[in-house]
Amino acid sequence: MFSRTTLARALALPIEHTAARSSILAGASNTTFRACLHQATTTSSTTTSSHPSAPLSATPRAQTSNPLEQPHFLTPKNTIPETRADVPLNKQPVAPTFDAPLKVSQSLLDMLPYLTSQKPHYITAHLHDRPYLLTEGDQLRLPFLMPKVKSGDILRFNRASVLGSREFSLKGGEKYLDERLFECRLRVMGFESEPLRITEKTKRRRRHVQKVTSKHRYTILRVMDVKVKTAEELLEEGAVVVQSADSAANVELKE
């Protein structure tokens with residue numbers, strides 16, 4: 001049906017097609033290699049011949065565009081605020097507001113110099129209705145994680161029930177002393193966490209044991225200053241001398 005020549009050509013076609021394909025791939029690789037060499041040569045020649053007539057000069061050309069602004073990095077010098085104006089508004093202490101001036105008695109003004117001159121002072125400060133006996137330099141670990149504070153922040157405790165020294169104590173007429181009588185400042189040193197605790201819980205007639213994990217975190221504070229204001233400072237801030245019964249606090253001598 002088919003001639004011998006046609007059959008021979010059909011049988012030889014795959015061999016010729018494979019040989020032609022290999023020759024095409026070899027030619028393409030050679031062409032690509034030549035194209036890369038040719039492209040590199042063309043680029044170098046274009047670069048060198050872009051300004052053939054302009055001689056080389058060391059004189060800088062005039063700058064036509066504005067330079068990019070370099071980012072401002074904080075240095076250790078400008079990270080520490082020097083004045084209160086450099087402190088952000090959300091970090092500045094809140095000024096106390098009072099409707100009436102501080103009421104002190106004459107006996108308190110007479111005994112206050114003995115208390116202020118006798119150091120160190122201790123204070124029974126209250127935080128969330130829990131008392132803490134503190135002196136200057138003590139380290140306090142709160143039994144909870146205080147929110148919205150960072151390491152280095154300075155806090156002021158304004159609730160105290162007792163403030164005293166070795167021989168004298170200052171107590172208020174009400175539950176807490178007036179915060180205008182003293183200053184107690186603490187610095188946030190960092191945070192700690194306890195080891196991971198695993199508690200197993202199960203119920204009757206239930207083949208399942210539930211494991212509850214807990215890992216509490218605590219805030220570490222250091223007492224920086226415990227200060228009792230002098231009589232002169234109280235009078236300069238607007239304290240009013242009244243009778244002993246109306247006084248905000250009284251100084252007592254320890255027995």
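Two strands count as paired if DSSP finds at least two bridges between them. By that rule, strand 7 (residues 168-172) and strand 13 are partners in this predicted model: five bridges join them, and they run antiparallel.

**Overview**

The protein has 255 residues, of which 24% count as buried. It contains three helices and 13 strands. Among contacts with a separation of 6 or more, 72% are between residues 24 or more positions apart. The protein exposes about 20200 Å², and carbon and sulfur atoms supply 55% of that area.

**The five-stranded sheet**

Strands 3, 2, 6, 7 and 13 form an open sheet in the order 3-2-6-7-13, with antiparallel pairing. Strand 3 (130-135) and strand 13 (249-253) have a single partner strand each, so one side of each is left without a neighbour in the sheet. From one strand to the next, the twist averages 25°.

At the strand 13 edge, Phe168 stands opposite Leu253. At the other edge, strand 2 (residues 122-127) pairs with strand 3 over six bridges in the antiparallel sense, and Tyr122 stands opposite Thr135 of strand 3. Two residues lie between strand 2 and strand 3 in their hairpin, where His128 takes a positive phi near 55°. Strand 2 also pairs with strand 6 (residues 160-164), in the antiparallel sense and over four bridges. There, the bridge partner of Thr124 is Val162 in strand 6.

How many residues of strand 2 are buried? Six of its six residues are. Tyr122, Thr124 and His126 are buried on one side of the strand, and Ile123, Ala125 and Leu127 are buried on the other, which leaves both faces covered.

**The four-stranded sheet**

An open sheet of four strands has the order 4-11-8-5, and its pairing is antiparallel. Strand 4 (139-142) and strand 5 (154-156) are the edge strands, and each pairs on one side only. Direction ignored, neighbouring strands of this sheet are turned by 35° against each other on average. Strand 4 pairs with strand 11 (residues 217-228) over four bridges in the antiparallel sense. In this pair, Leu142 stands opposite Thr219 of strand 11.

The table lists strand pairs from both sheets, with one pair of facing residues for each.

| Strand pair | Bridges | Facing residues |
|---|---|---|
| Strand 7 and strand 13 | five bridges | Phe168 and Leu253 |
| Strand 2 and strand 3 | six bridges | Tyr122 and Thr135 |
| Strand 2 and strand 6 | four bridges | Thr124 and Val162 |
| Strand 4 and strand 11 | four bridges | Leu142 and Thr219 |

**Helix 2**

Helix 2 covers residues 106-117, and its buried residues are Leu108, Leu109, Leu112, Leu115 and Thr116. These residues cover an arc of only 115° around the axis, which puts them on the same side of helix 2. An α-helix has 3.6 residues a turn, so residues three or four places apart point the same way.

**A loop residue**

Where is His208 found? It is in the loop between strand 9 (197-202) and strand 10 (209-214). Is His208 buried, exposed or partly exposed, and what is its relative accessible area? His208 has a relative accessible area of 44%. Buried means under 20% and exposed means over 50%, so His208 counts as partly exposed. Leaving aside neighbours within four places in sequence, His208 is in contact with Lys201 and Thr202.

How values were computed: Residues numbered from 1 in each chain as written. Predicted model: local features only at pLDDT ≥ 70, side-chain atom pairs only at ≥ 80, totals over all residues. Heavy atoms only, no water. Buried < 20%, exposed > 50% of the residue type's maximum accessible area, 1.4 Å probe, protein only. Arc of directions from axis to C-beta. Axes fitted to C-alpha atoms, helices over the stretch in contact; angles between N-to-C directions. Contact = heavy atoms within 4.5 Å. Areas by Shrake-Rupley, 256 points an atom, 1.4 Å probe, with all protein chains shown as cover.
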